[in-house]
There are 2 protein chains.
Amino acid sequence: MEVFLSLIERKRDGGVLSDAEWKRFVGAVVAGQLETYQITAFLMAILFRGLDVSERRSLTLAMRDSGEMLEFACDPGRPVVDKHSTGGVGDKVSLPLAPLLAALGFRVPMISGRGLGITGGTLDKLSAIPGFTTALPRPRILELVETLGVAMAGQTERMVPADRILYALRDASGSVPSLDLITASILSKKLAEGLDALVLDVKFGSAAFMPTQARGRDLARALVSIATECGVRTRAVLTDMNTPLGLTAGNWLEVKESEACLRGGGPADLRELVIDLAAHVLVQTAREASLERARHTATTCLDGGAAHGKWRELISAQGGRLDDFERLLAADSLAPVVLEVRSDRSGFVTRCDARVVGEVVRDLGGGRHTRDSVVDVRVGIDRLAKPGTRVRAGDLLGRIHAESTDAAEEAARRFREAIDVGDSQPDPGPLIHDVMLAGD
Amino acid sequence: MEVFLSLIERKRDGGVLSDAEWKRFVGAVVAGQLETYQITAFLMAILFRGLDVSERRSLTLAMRDSGEMLEFACDPGRPVVDKHSTGGVGDKVSLPLAPLLAALGFRVPMISGRGLGITGGTLDKLSAIPGFTTALPRPRILELVETLGVAMAGQTERMVPADRILYALRDASGSVPSLDLITASILSKKLAEGLDALVLDVKFGSAAFMPTQARGRDLARALVSIATECGVRTRAVLTDMNTPLGLTAGNWLEVKESEACLRGGGPADLRELVIDLAAHVLVQTAREASLERARHTATTCLDGGAAHGKWRELISAQGGRLDDFERLLAADSLAPVVLEVRSDRSGFVTRCDARVVGEVVRDLGGGRHTRDSVVDVRVGIDRLAKPGTRVRAGDLLGRIHAESTDAAEEAARRFREAIDVGDSQPDPGPLIHDVMLAGD
């Protein structure tokens, strides 16, 4: 790409690249025709200069088209839908939501990632289910989605190769925080699933990619507007990630909590978010006229056992051994050591810091420091005391599941810093702060 | 350099790096310890965020110290001085100035570069002198400067390696126009010469690196302030480069014009600038109390033949064959074809565009399109009609020296576009627009 330097210079000077130029750029990236030291300078120039709406759309679509896409038969009665979360601690929403959407009659090609740092990954959680495999070839993903209504898999090697290359370069050279590049990265992967509708869970707070609500809102707006520009009906909910979602963090413990949710139980915040996201998909696809009716439909489906049934079918279809799974569910813990952390005073929990909880779980072995880290799915924290909870001295604040006593004690020491207990009952505030529709 | 990513991120976010961090960065660049794709992203972040004064100083000094420096015996009576020009068309000032400064009793280790694009290079001009070599090893440079007072050479392989590496990466990835990086690049090379005083010729205009006087002024200020911070007495003159300097452009033709200057003749603008730059060095080093007296001293030295004598000694010392050189000087042209371009109307020359002249000379073979181009020293343009000159129909506007008739005719066609002839006599304006001292 002889002219790439002139594109770098144009973007550096605040210019706008054409659709054809973005296509050529992405094509040359994937073909290995560009020097990486030119690509990273270009990405940094993008971070500073930004992209206009037409460029965001062009880049996103060029990245989406850089590899193999999922393509589904046209079937207006069974829209192809998915959810994407920007990541958080205790965020196991995908596990109950995917089978719930399938039980509601949608086709759900849920392509997920692994966790990194304090952010958990759906693939890691699913790997805690005995026998379950997420390494599905493309034909098998298509088959499962058409027949069962749902597949939960990792990205295939041939999907969106441009994002893999560009993300690795951004990660190594400091251009990760570009809103334009984040948007293109997230959406190119989701749009490659061949979706009719997409719902986004954009998180803000101590353990989120976006620390403040304002920045979360910016990201949500950008994602909704570009996805809509790209022809997919999209909306976003803006949710609080200062506190972990649910009462557990750690791969197996989160599977267990998801199971409870799918049986109509589990913590209220998780249930609320799962039902709300499903309801938004129902409204987006015009299956329901109002959010209220849609919530009712989703709740009925969840509580009636249809979602749980779909979940069990999905586990079997993806190699999971249901009887082994049931046996593990019956155990109190899979970890060698369980340490209870108790309050030394009475009062109300005023803070349960998702970032600290995430760091503790990661350092117990439940998350990755680097891409090559091996995850221990057994470890984590459960029975979390969340803001607003009344505790007496000696009451449980949480339980550490660890590989050893030393690890558990170190984790407990740090976990205490995550929880504050005060005298007056706080208002924990809503979980869902806003809903962003196209045109907002 | 495990932490380089954190430095990129800090600069990206507008932070300031410490002196130790700049040293480590430059050290790691030269040791090949950094990925080039990280370096280019960092350079682009510098372009957008800029460096503060302390960072500019730290980077410049770290680059200066990245390789071998020239070191001279302490001899307060013979200060070590040099001139740097930001480059232009017809800029042969170094050729008369270096021997003039040596004749005035200074030590002048003049390390120069090759030309690129429309900008001529001192090394290319010198290569037109039969036998003259600029590839001198460091000990020979030191010896010539101590004994003769002057050496004119290319950078040795071991001098300022950080600049070579960083410049090549900037050139390929779009971060050339960073004022901070330009400053560090220029000054690290000059400061590696072990100078007591430095005078800078910062050009602005159509053929200059900085197109406007305002941007030329910014660069001049930055260079003077950082060089002064680095402990070298420095001043800059701001000169016009909308019109070529002197009446010739092209390597051999410029040598010939320099020879005329050294004999006390040559065009007025060249002579004015050579004398002025020498005068500034005399004042800077406290050899003269006023610029007026210094101009007088420099003029006397030039017209008395001392500078020309030094020039001849220099040519001999660097392998040049004086009798061959004299023979060439006696010839009207070294090029196979000389084509006269004449005015088709009467009036006054109102414009002689340095950029067009530079492009024509480059395309005649006198300049480089890429670093690997081979230069034909014989070609160029002389007897240029400059703004303010009265011409009648049929008078000469310039002569094209070319390799072939076709090349000459193509050059003549384009050269006509460089010259405008109008009815009223224009005010060509001053050559030297301003002088920048430390603290300005």
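**View 1. The exposed face of helix H13 in chain A, from a predicted model.** Turned away from the buried side of H13(A), this face carries A:Glu292, A:Arg293 and A:His296, which are exposed. The helix itself covers residues 291-303, 13 residues in total. From its first C-alpha to its last, H13(A) reaches 18 Å, close to the 18 Å you'd expect at 1.5 Å a residue.

**View 2. The buried face of H13(A).** Here we have A:Ala294, A:Ala298, A:Cys301 and A:Leu302, the buried residues of this helix. Look down the axis of H13(A) and these buried residues fall within an arc of 100 degrees, so they line one face of the helix. As a reminder, an α-helix has 3.6 residues a turn, so residues three or four places apart point the same way.

**View 3. What H13(A) packs against, and what follows it.** The buried residues of H13(A) pack against four helices of chain A: H5 (94-103), H11 (251-262), H12 (268-284) and H14 (306-317). After H13(A) comes A:Gly305, and its phi is positive, near 95 degrees.

**View 4. A three-stranded open sheet in chain A.** Now over to the strands. Their order is E9-E7-E11, and the pairing is antiparallel. The edges belong to E9 (390-391) and E11 (419-422), each of which pairs on one side only.

**View 5. Where E7 meets E9 in chain A.** Strand E7 (residues 347-352) is joined to E9(A) by two bridges, with the strands running antiparallel. To find one residue pair here, start at A:Gly347: its bridge partner in E9(A) is A:Val391.

Key: Residues numbered from 1 in each chain as written. Chains lettered and ligands numbered in written order. Predicted model: local features only at pLDDT ≥ 70, side-chain atom pairs only at ≥ 80, totals over all residues. Heavy atoms only, no water. Expected span 1.5 Å × (residues − 1). Buried < 20%, exposed > 50% of the residue type's maximum accessible area, 1.4 Å probe, protein only. Arc of directions from axis to C-beta. Contact = heavy atoms within 4.5 Å. Pairing = 2+ DSSP bridges.
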